[in-house]
Structure formats: C-alpha cells, structure tokens
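Could you walk me through this structure as if I were seeing it for the very first time? I would like to learn how to read its features one by one.

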Amino acid sequence: MSHVMNTYARQPVAFVRGEGVWLWDENGKKYLDALAGIAVNTLGYNHPRLTRALTERLSSGVLHTSNLWRVPTQEAAADRVAEITGLDEVFFCNSGLEANEAAIKVARKYGHDRGIAEPAIIVMEKAFHGRSLATLSATGSRKVQAGFEPLVSGFVRVPLNDLDAVRQVAEHNKNVAAVFVEPIQGEGGINVSRLEYLRGLKEICDRNQWLFMSDEVQCGLGRSGKWFVYQHAGFLPDVVPLAKGLGSGVPVGACVVGGRAKGVFKPGNHGSTFGGNPLAMTAVVTTLDTVKEEGLLANAAKVGDLILSSLKNQIGNLAADIRGMGLMIGVELDRPCGDLAKKACEAGLLINVTQDSVIRLLPPLILSAAEADQVVTRLAPLIRAFLAPAARAA
Ligand SMILES: Cc1ncc(COP(=O)(O)O)c(C=O)c1O
C-alpha cells in the first residue's frame, strides 16, 4: 500500500521521460500531452534552454539562500514579470494558492488603510482560487469548501459576466475593497469572461476605488494568446496572482501589484522562506525569455484557433458547447464524461475533465500546428464513440 495520502483519484500510469509535448510511460508507451501538468509545463518537456539553465543553476551549488540576502536572479525575474504585466512590484511565492493568499491580504490591508475595519472582496460563482482556508473560502464551489467550515469571512459572491450584480453590491455594501475575478475560469469549466464585462468591472472598481484583482494562475502567462487575459480587454488591474506556467514545471508563484495596490505591503507584512529562491527564479527568467523569443504568444493564439475551429468542424454537432481562448479550451458534453480522461489516456492522449462534463485542453505553448491536428484527430473519435456507445457496439 502506498503511503502517499489519498487526496487524488490517480490513473495507474507513471511517466518517466518527456520531450516536447510528448511523454513516455514506464512501459515505453508514448502519449501526446494536451494538459501540460494542468497548465504548468509552458515549454513542454526537456526544453533545451530550460534544461541547460537549470543544470547550470544546479552546478553553481546555490539553490537557496533565503530572502535575508539579495537574490540577483529574483531581481531579474521581477523585472521581467513587471515588464510583461505592466505592474510594479512582485512578491514571489511557491504556488497559486499562495499567490492568491497574498492578493487577499493586499486587499484587506488596502481596505484597512482606507479605514474599512472589515474589508470585503467580491468573488465569482464557479471561480477556483485554491485550497488554503482563505482561498477555498473565495472559491465558488461548495465541493471544495464542504468539511472545512468555518470559512474565512469577508467574501461576497456574484455570478460571472453579470455587472448588475456587482453594481448592487456596490450600492449596499460599503465594506468592499476589491473585486477578485478569474477571467477565464479553468476548474469551473473554461468559462470565458466577456471582454466588455471585464472593462465594465474595471470601471466600477475605478469609480469605487476598489482593487481589480485578476487571478491569472491558470489562464495567464501566454495561454490566452497574450501574456494575460486582461490585456485582451485593454487595461491594467491592480493585483495579478500568477503560478502554474511561470516556472514551466519548477514550483513558483507570484503576486504582482501596481496601480492602487502599489506600496500597500510594507516590510514585515508578508514573507516566504522559499519564495523567490535562485532555483525557481532561474526557471522564471528562462521560461519568460523563451516564451518571448520563440514567439509562443502568437503560437498559442494560432494553434489554439486551429484546435477550436477543427473541433467545431468535427464534433460541433455533438458537443453542447466548444469554447475557449488560445490554448485554454473546453468541450462541454451533455452528460458526465469523466471516463473520457481515462479512455484518452489509454489511447495515448492526456486530457482532463472538469465540472463532470467539460473536457479541458491546456497543452504546452510549444504545441505545433501538426501536433494540434493530432490532438483533435485523437480526441474527436473518442468523443464520438463515447456519445454513441450503442452505435459502436452494433
Ligand atoms: C485560477 C487558479 N487559481 C489558483 C489555483 C491554485 O493553485 P495551486 O494549486 O498552485 O495552489 C489554481 C489551481 O488550479 C487555479 O486554477
């Protein structure tokens, strides 16, 4: 019996080698990875630049020194994150929930600084922000919260893409300090915010002096075809939590602030032992430079469009909905389809199913057009067979 705590329903497959968007299991079977370790492996597997940079870092012998001293690679990483986000200050941590926890603390501190004794944060139904007590309380899923009550207070929940609901809160609740939105909900089923909605939300934030906080842990860092989803809407948020794709497989997160949130955290307000260590920062610098220099934003947009249109052509009449942006794509079926992830794995394709009935694709940003074609060529027949088992048996 394994001593690994039983918190995941795992498939009995283990990968031992990776190259590009391909993985091999212990028996030598090859898989096309359309999930990237849940939006983490931006550069796929064994990218020569990342492998070289990490190997050099290991050889230097300095993996960690702590934040009690200057960390030059952290300064280099922060410069790059500031440049691509358009914001000012970067706090490095180790995961998405930590980035969001920092964002929630920034919002509360911002509220207190403005004289609000019990600051509230507007959050969205179906959003996922993590599994710490504060972030699961912000998360719009009873399944994630059940059993962990009492929840952290101070969150007001509204539906996504509904500006009137936000206006009503603005009218009745004077404790609001921030709006926290996951602009493309990943775990929630690839629910895409309308760009008009995001712009309207930003206007309401500006009018009320609230922080606009954009959880780009899953949808950010190039996946949408731009560095960040808010850039499609054409404005700057105040707080942007990041993680997943930031280190292309090395655990790292960041809480990035600017605008009204700049300067809110003072020395002593927040910290992390591991956050921003030289190993993780080498991964950040190399990942971001490679995305830029290899044109992976344009690639994500182009190849994502190919997958979306090809899926619509091939199974548009069978799916309840096919939606997404860049390389963040959901195929919703009219019935629970969790089994499809297992069937796809058996067929050598790695995908995931979220919200019971939404097939989720989050491939590495290095996916080529030919590989994108293979994703659809492998997935479409599986969906057809799944929806017509009787026909298949006949
Ligand atoms: C949008 C979003 N925020 C936060 C998190 C939490 O990240 P982590 O699992 O690294 O704590 C996730 C993870 O799926 C996420 O998708």
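What follows is a short dialogue between a learner and a teacher.

Q: Which residues count for local features in this model?

A: This is a predicted model, where local features need pLDDT of at least 70, side-chain atom pairs count only at pLDDT 80 or more, and totals for chains, interfaces and linings use all residues. Residues are numbered from 1 along each chain as its sequence is written, and side-chain values use heavy atoms, with hydrogens and water left out.

Q: Let's begin with strands. Which strands pair with E7?

A: Helices (H or I, at least four residues) and strands (E, at least two) are DSSP runs, numbered from the N terminus. Two strands pair if DSSP finds at least two bridges between them. Here, E7 pairs in the parallel sense with strand E5 (residues 120–124) over three bridges, and also in the parallel sense with strand E10 (residues 211–214) over four bridges. Val179 in E7 stands opposite Ile122, and Val179 also stands opposite Phe212 in E10.

Q: How many residues of E7 are buried?

A: Buried means under 20% relative accessible area, exposed over 50%, and partly exposed in between (1.4 Å probe, protein chains only). Strand E7 (residues 176–181) is mostly covered, with six of its six residues buried. As background, side chains in a regular strand alternate between the two faces of the sheet.

Q: What is the strand order in the open sheet of four strands?

A: The order is E1-E2-E3-E15, and the pairing is mixed. Strand E1 (15–19) and strand E15 (349–350) are the edge strands; each has a single partner strand, so one side of each has no neighbour in the sheet. Strand E3 (residues 30–33) pairs with E15 in the parallel sense over two bridges, and Asp33 has Leu350 in E15 as its bridge partner.

Q: Now for empty space. What lines the largest cavity?

A: On a 1 Å grid over the protein atoms alone, a cavity is a set of points where a 1.4 Å probe fits but cannot get out, whereas a pocket is an open set with protein on both sides within 12 Å along at least five of seven lines; lining residues have an atom within 4 Å of a point. Grid points are joined across faces, edges and corners, and a volume is the space filled by probe spheres set on the points. The structure holds one cavity of 30 Å³ or more, and the largest cavity has about 50 Å³ of space. Its lining includes Ala39, Thr42, Leu221, Gly245 and Leu365.

Q: And what is the volume of the second largest pocket?

A: That pocket has a volume of about 310 Å³. Of the 14 residues in its lining, the closest to the centre are Val90, Phe91, Phe265, Lys266 and His270. Strand E4 (89–93) and strand E12 (253–257) each supply at least two lining residues, and E4 gives the most, with three. To sort a lining by class, Ala, Val, Leu, Ile, Met, Phe, Trp, Tyr, Cys and Pro count as nonpolar, Asp, Glu, Lys and Arg as charged, and the others, Gly among them, as polar. This lining has nine nonpolar, three polar and two charged residues.

Q: Which residues have a backbone angle I should look at?

A: Most residues other than glycine have a negative phi, and most peptide bonds are trans. Ala39, in helix H1 (residues 36–39), has a positive phi of about 65 degrees although it is not a glycine. Leu221 has a positive phi near 65 degrees and sits in the loop between E10 and helix H9 (229–233). Ala39 counts as buried at 4% relative accessibility, and Leu221 counts as buried at 4% as well.

Q: Where is the cis peptide bond?

A: The bond from Glu149 to Pro150 is cis, with omega near 5 degrees. Pro150 is in the loop between helix H6 (142–145) and strand E6 (155–158).

Q: Is Ser153 buried or exposed?

A: Ser153, in the loop between H6 and E6, counts as exposed because its relative accessibility is 54%.

Q: What does Thr287 touch?

A: Contact means heavy atoms within 4.5 Å. Not counting residues up to four places away in sequence, Thr287 touches residues including Thr42, Leu43 and Gly245. Thr287 lies in helix H10 (residues 278–293) and counts as buried at 1% relative accessibility.
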